[in-house]
Amino acid sequence: YVEHFGGSGMDMGLLMAIYSIMQFIFSPIWGSLSDHYGRKPILMVGIIGYALTLLLYGLIGEFAEAGAFDPATALTLLICARGLGGILSSATLPTSMAIISDITSEENRGGGMGVVGASMGIGMTLGPGIGGLLSKISLAAPFYFGAAISVLAAVLTWRMVAESLKAEARSQGGMRFQGPDLREMARALTSPIGFLLILAFLHSFALANFESVFGLYAQERYTYDATQVGIILTVVGLVSAIVQVALTGPATRRWGDEAVIRLSMFASVFGFGAMLLAGSKPGQMSAPVILACGFFMFANAMIRPGVSALTSKRATMSQGTAMGLNNSFMSLGRIIGPLWAGYGLDLTLSYPYLTGALAMLAGFLACLWFLKPLPAQGSRHCIRRGICLGLPATWKPCGRCSSPASRPSRSGRAWRK
């Protein structure tokens, strides 16, 4: 779609990044609003808003085809529409995660986050394949179809999703509309979820180096068309859905979120390498390309739900705020990742995937040092520099344990409720 209007890899990166810039700015707002007004109304705003922006994408393409404006103007309007889509749809993911946090226990939260990820995976499974087929009708047809599906999702949400945040549990007082608090984000990096927010950024950045430019990468390296790219992304989405539905919950319960995250990051390094090495005859789909992309997603699919589940468990603030912060750091990765991937693709085809592999390797090495399991239920401990604090929010350190050099006693008497 972008190339049809004369766009380059950098333009593609900008189109992806503007969406995430708006998500970065507005996700904390929507998260706080869901804590104040409830989850369901905010979720509805996100779904309906995304339907409207998809409709706008299609109309821009139709008017450009009819000669109402030139390709450069059409590309500018697409970027503006994409930004609007980021503003409205940023209400969806943090609110969905907050709903899962409201209705699941800590033990089952990893599986619950996996269900959210799997639902996204199902969309990734069906969407690219259907979009590739509809593109034979017109390049705008997939957007109209997506708008219709979003309207259906809004109807089903209104009829079937119950409000998960009771009125007495909502935040009280007046609401202040403000963008992301950079100082709060900086403070969050020294909180119990600080390292998890860094992981959310790294994972999102690395994944953007695959997702944001795969269409152009496949076209330039293998001369694939939109239908062939759609088929490969359908396989990728199918693998993601299966992993997150069938494996994430059992794996995190058996080995813990921490171990699953570490292993997934390590395997993702080899996934990027496999995609770089996979070959294909020009214009012909090959098993190595499909298998390499499938293996990458198999390795990568459990990272997001694992990080989100741990963020929810270790957060000392409200679930809506914690998920808003998590989404903001993911959005940062989706801002920087596509911009670099588009620029790097214009330089050399392999740069985006090499960068993604290095990001996953850095995350894995950091996990070996910083991502440690919390102590068994009932134990109380303090770890210096605030990297991990394994206590419920109702437990506070006494004067003795407030000192960085002090340690709580084995009996736990150094803690008071």
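This passage walks through the fold, the cores, the salt bridges and a few single residues of one protein chain.

The model is a predicted one. Its protein chain contains 16 helices and two strands. Of the chain's 417 residues, 51% count as buried. What about the outside? The accessible surface comes to about 19200 Å², and carbon and sulfur atoms make up 67% of that. The chain also folds back on itself: among contacts with a separation of 6 or more, 81% are between residues 24 or more positions apart.

Next comes the inside of the protein. In soluble globular proteins, nonpolar side chains tend to be buried together. Here, the largest nonpolar core has 67 residues, and Leu199, Phe210 and Phe272 are the ones with the most contacts inside it. Helix α8 (residues 194–211) supplies the largest share of this core, ten residues. Phe210 gives a feel for how the packing works. Setting aside neighbours within four places in sequence, Phe210 is in contact with Val236, Phe272, Met275, Cys293, Phe296, Met297 and Tyr353. There is also a second, separate core of 16 residues, and among its members are Phe5, Ala64, Ile79 and Ala147.

Tyr353, one of the contacts of Phe210, also turns up among the buried residues of helix α15. This helix covers residues 351–370, so to speak 20 residues in a row, and reaches 28 Å from its first C-alpha to its last, close to the 28 Å expected at 1.5 Å a residue. Which residues of α15 are buried? They are Pro352, Tyr353, Thr355, Gly356, Ala357, Ala359, Met360, Gly363, Phe364 and Cys367. As background, an α-helix has 3.6 residues a turn, so residues three or four places apart point the same way. The buried list fits that picture in places, with Met360, Gly363, Phe364 and Cys367 among its entries.

On to the charged side chains. Side chains of opposite charge can pair when their charged atoms come close. How many salt bridges does a search of the whole structure find? The count is four. One of them joins the side chains of Asp35 and Arg39, at 2.8 Å from N to O. Both partners are tucked away: Asp35 counts as buried at 7% relative accessibility, and Arg39 counts as buried at 2%. Arg39 pairs with Asp102 as well, and there the closest N and O atoms are 2.8 Å apart. Arg39 sits in helix α2 (residues 39–65) and Asp102 in helix α4, so this pair ties together parts that are 63 residues apart in sequence. Asp102 itself is partly exposed, with a relative accessible area of 26%.

Another salt bridge pairs Asp257 with Lys313, with the closest N and O atoms 2.7 Å apart. It links distant parts of the chain, since Asp257 belongs to helix α11 and Lys313 to helix α13 (residues 303–314), 56 residues apart. Asp257 is buried, with a relative accessible area of 4%, while Lys313 is partly exposed at 22%. As for Asp35, Arg39 and Asp102, salt bridges that share partners join them into one network.

Right beside Asp257 in sequence comes Glu258, also in helix α11 (residues 257–277). Is Glu258 buried or exposed? Its relative accessible area is 9%, so Glu258 is buried. Glu258 and Leu310 are 52 residues apart in sequence, yet 8.2 Å apart in space, C-alpha to C-alpha.

A few other residues deserve a look. Ser90 sits in the loop between α3 (71–89) and α4 (92–103). Despite being in a loop, Ser90 is buried, with a relative accessible area of 0%. A polar contact of 3.1 Å joins its side chain to that of Trp30. Leaving out neighbours within four places in sequence, the contacts of Ser90 are Met22, Gln23, Phe26, Ser27, Trp30, Gly85 and Asn327.Finally, there are two threonines to compare. Thr223 lies in the loop between α9 (214–222) and α10 (226–255), and has a positive phi of about 55 degrees although it is not a glycine. Thr223 is partly exposed, with a relative accessible area of 44%. Thr227, by contrast, is in helix α10 and is buried, with a relative accessible area of 17%. Not counting residues up to four places away in sequence, Thr227 touches Gly132 and Lys136.

How values were computed:
Residues numbered from 1 in each chain as written. Predicted model: local features only at pLDDT ≥ 70, side-chain atom pairs only at ≥ 80, totals over all residues. Heavy atoms only, no water. Helix = DSSP H or I, 4+ residues; strand = E, 2+ residues; numbered from the N terminus. Buried < 20%, exposed > 50% of the residue type's maximum accessible area, 1.4 Å probe, protein only. Expected span 1.5 Å × (residues − 1). Contact = heavy atoms within 4.5 Å. Areas by Shrake-Rupley, 256 points an atom, 1.4 Å probe, with all protein chains shown as cover. Polar contact = N/O pair within 3.5 Å; in protein donor to acceptor, adjacent residues only side chain to side chain. Core = buried A, V, L, I, M, F, W, Y, C linked by side-chain atoms within 4.5 Å.
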